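Thanks for making the time this morning. I would like to walk you through one structure, taking its cysteines, then one of its helices, and then its pockets.

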Amino acid sequence: MSTLSRVNRISVPDIQARKGAEPVVCLTAYTTPMAKQVDPHTDLILVGDSLGMVLYGFETTLPVTLDMMIAHGAAVMRGSSQACVIIDLPFGTYHESPEQAFRTASRAMTETGASGVKLEGGVEMAETIAFLTRRHIPVLAHIGVMPQSVNQTGGYRARGKDAEDAERIIADAKAVADAGAFAVVIESTWEPVAREVTSLLSIPTIGIGASNACDGQILVTEDMVGLFSDFTPKFVKRYGDLGEEISTHAAAYAADVRSRRFPGPEHCFGADKGKAKIATVGKVRRKAV
Ligand code: KIV
């Protein structure tokens, strides 16, 4: 990582300064080519553990490892030059203690060059967030629906519908902000709750299924461009159908190969030189022997 690329990137304080000023544009990326595409258009790129489902075909995010996150995080850093890159900490790598979280987060940052980490949890993670932020690790918190808790919650049902749950989410938001998180992702949460949290906190709220009231928005890029269709949450807006496009191109390629239309002479080496050339090569070889 060059010093220049770090200097030119949007920083964590830049993201914080967007509160009440300009919406924060965030997308996920897991690979160098995807990072190259989204980097010019985003303020923050999240290397999300959603890669477990989107790239690896796991049923949940739980099997994702720290080594996977580091490999993909480094790839995204190589493909980006201006967005602030944040790495998700995977399940089981930060829950045991603040010290475990520090070891995990410092590896994620030093081995990728990313600017900070994201972790899931509200009140119960406040102590860990405070431990990390006091030790110079910027933390993006994540509350509302938390995919790493799917075994406990039984699914991804939207949060904050009744007064009791709304209070829990507001308490989570205040706890992570007081602990020093630089921003907070709010996932699948009822609009009035997201609006209330956004007005209460002095840090930016980044919504995913949490309405336009949030200070910024994030989507999984593959959802947004139609490259992942196993499951499309209500909050996703599809801007394209790249999955369909890839299938169309693969079908055209298959038809070309089967009918011997591909490769054409323009894709071959020496195809226009004909038999004479082969004969010359043959002569040279015989001479050498
Ligand atoms: O893992 C992820 O991609 C995320 C975003 C959806 C916020 O956590």
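Let me start with C26, which is buried in this predicted model, its relative accessible area being 4%. C84 counts as buried too, because its relative accessibility is 0%. What, then, is the distance between the sulfur of C84 and the closest cysteine sulfur? That closest sulfur belongs to C26 and lies 8.9 Å away, which is too far for a bond, given that a disulfide would need the two sulfur atoms within 2.5 Å. A search of the whole structure finds zero disulfides, and C26, whose nearest cysteine sulfur is that of C84, is accordingly in none.

Turning to the helix, α5 runs over residues 66-79, and its 14 residues, taken at 1.5 Å a residue, should span 20 Å; the C-alpha atoms at its ends are 20 Å apart, so expectation and model agree. How many of the residues of α5 are buried? The count is 11 of the 14, and the helix is therefore largely enclosed by the rest of the structure. Among the buried residues are L66, M68, M69 and I70, followed further along by H72, G73 and A74, and the list also takes in A75, V76, M77 and G79. As for what surrounds them, the buried residues of α5 pack against two strands, β2 (44-47) and β3 (84-88), and against the helices α3 (32-38), α4 and α6 (98-110).

That leaves the pockets. The largest pocket has a volume of about 770 Å³, and 37 residues line it, with E187, S188, I208, P233 and F235 lying nearest its centre. Which elements give two or more residues to that lining? They are the helix α4 (51-54) together with the strands β4 (116-120) and β6 (183-187), and α4, as I said a moment ago, is also one of the elements against which the buried residues of α5 pack. In terms of chemistry, the lining of the largest pocket is made up of 17 nonpolar, nine polar and 11 charged residues.

The second largest pocket holds about 400 Å³ of space and is lined by 23 residues, of which G144, M146, T153, G155 and R159 lie nearest the centre. Its lining divides by class into eight nonpolar, nine polar and six charged residues.

I will stop there and take questions.

Definitions and conventions. Residues are numbered from 1 along each chain as its sequence is written. This is a predicted model: local features need pLDDT of at least 70, side-chain atom pairs count only at pLDDT 80 or more; totals for chains, interfaces and linings use all residues. Side-chain values use heavy atoms; hydrogens and water are left out. On a 1 Å grid over the protein atoms alone, a cavity is a set of points where a 1.4 Å probe fits but cannot get out, and a pocket is an open set with protein on both sides within 12 Å along at least five of seven lines; lining residues have an atom within 4 Å of a point. Grid points are joined across faces, edges and corners, and a volume is the space filled by probe spheres set on the points. Helices (H or I, at least four residues) and strands (E, at least two) are DSSP runs, numbered from the N terminus. Ala, Val, Leu, Ile, Met, Phe, Trp, Tyr, Cys and Pro count as nonpolar, Asp, Glu, Lys and Arg as charged, and the others, Gly among them, as polar. The expected span of a helix is 1.5 Å times one less than its number of residues. Buried means under 20% relative accessible area, exposed over 50%, partly exposed in between (1.4 Å probe, protein chains only). Contact means heavy atoms within 4.5 Å.
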